[in-house]
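Okay, thanks everyone, I'll keep this short. Have a look at the sequence and the model on the screen, and then I'll walk you through it.

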Amino acid sequence: MKLPDIYTDWKIVVGLGLIMLGAANWILGVERTQIYSRMIVALQRPAAATDYRSFDELDAGAGGAVLEPLTAQQRQASYATARMDFYHAAFLAGRVMVLLGLIVTLLGFISVIQQDSRRAFRRPEDDAPIPRGLPGAPRAPQ
């Protein structure tokens, strides 16, 4: 087996590409998931201050404070959660790509080894004729 046999086999090249791309996704996904999970933990605070309110505050005198959209801190936590989910998906996809890349590369190496062994066990008369006139070589009938 020679180096050109390896880099000309499409299975090995695709498998190594999948491994590299998957490893990059895996590493990036793990790092960013940890960053955003720490951010979410830092942004969360106990919500006990608003849990005691009842729905009686929905009257016109309350000014609509109960139906107010997310606060800035809650919005940041929501965005951080969405980003963490995205990078978690990238992390999982990276793992799958590395696994598929290893399988495809293994199949490529198996096929290259099989081709190499077929070449090694071929009969020499299939490749080239035996030169005549050498001492000890059988003579052809005349």
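One term before we start: a residue is buried here if its relative accessible area is under 20%, exposed if that is over 50%, and partly exposed in between. And keep in mind that this is a predicted model.

So, take F91, which sits in helix 4. Its relative accessibility is 15%, so F91 counts as buried. What is F91 in contact with, leaving aside its neighbours within four places in sequence? The answer is N25, W26, G29 and V30. There's a backbone view of that too: the C-alpha atoms of F91 and L28 are 7.2 Å apart, although 63 residues separate the two along the chain.

That brings us to helix 2, residues 10–43. It has 34 residues and reaches 48 Å from its first C-alpha to its last, close to the expected 50 Å. Which residues of helix 2 are buried? They are I12, G15, G22, G29, T33, Y36, I40 and L43. You'll recognise G29 from the contacts of F91. As for what covers these buried residues, that includes helix 1, residues 3–7, and helix 4, residues 72–120.

Staying on helix 4, look at S111. Buried or exposed? At 11% relative accessibility, S111 is buried, because the cut-off is under 20%. Its side chain has a polar atom 2.8 Å from the backbone oxygen of G108. Neighbours within four places aside, S111 is in contact with D9 and K11.

Now for some surface. V96, L99, L100, I103, L106, L107 and I110 make up a nonpolar patch there, with about 640 Å² of accessible area together. One of them, L107, is in helix 4, and at 47% relative accessibility it counts as partly exposed, since that falls between the 20% and 50% cut-offs. If you're looking at the spacing, here's a general point: an α-helix has 3.6 residues a turn, so residues three or four places apart point the same way.

Let me zoom out to finish. The protein has five helices and zero strands, and the pattern along the sequence reads α-α-α-α-α. Buried residues are 16% of the 142 in the protein. Among contacts between residues at least 6 apart in sequence, 91% join residues at least 24 apart; the F91 contact with N25 is an example of a contact between helix residues we've already met. The accessible surface comes to about 11,300 Å², with 64% of that belonging to carbon and sulfur atoms.

Notes. Residues numbered from 1 in each chain as written. Predicted model: local features only at pLDDT ≥ 70, side-chain atom pairs only at ≥ 80, totals over all residues. Heavy atoms only, no water. Helix = DSSP H or I, 4+ residues; strand = E, 2+ residues; numbered from the N terminus. Expected span 1.5 Å × (residues − 1). Buried < 20%, exposed > 50% of the residue type's maximum accessible area, 1.4 Å probe, protein only. Contact = heavy atoms within 4.5 Å. Polar contact = N/O pair within 3.5 Å; in protein donor to acceptor, adjacent residues only side chain to side chain. Patch = residues over 30% accessible without salt bridge, like charges linked within 9 Å, V, L, I, M, F, W, Y side chains within 5 Å. Areas by Shrake-Rupley, 256 points an atom, 1.4 Å probe, with all protein chains shown as cover. Salt bridge = Lys/Arg side-chain N within 4 Å of Asp/Glu carboxyl O.
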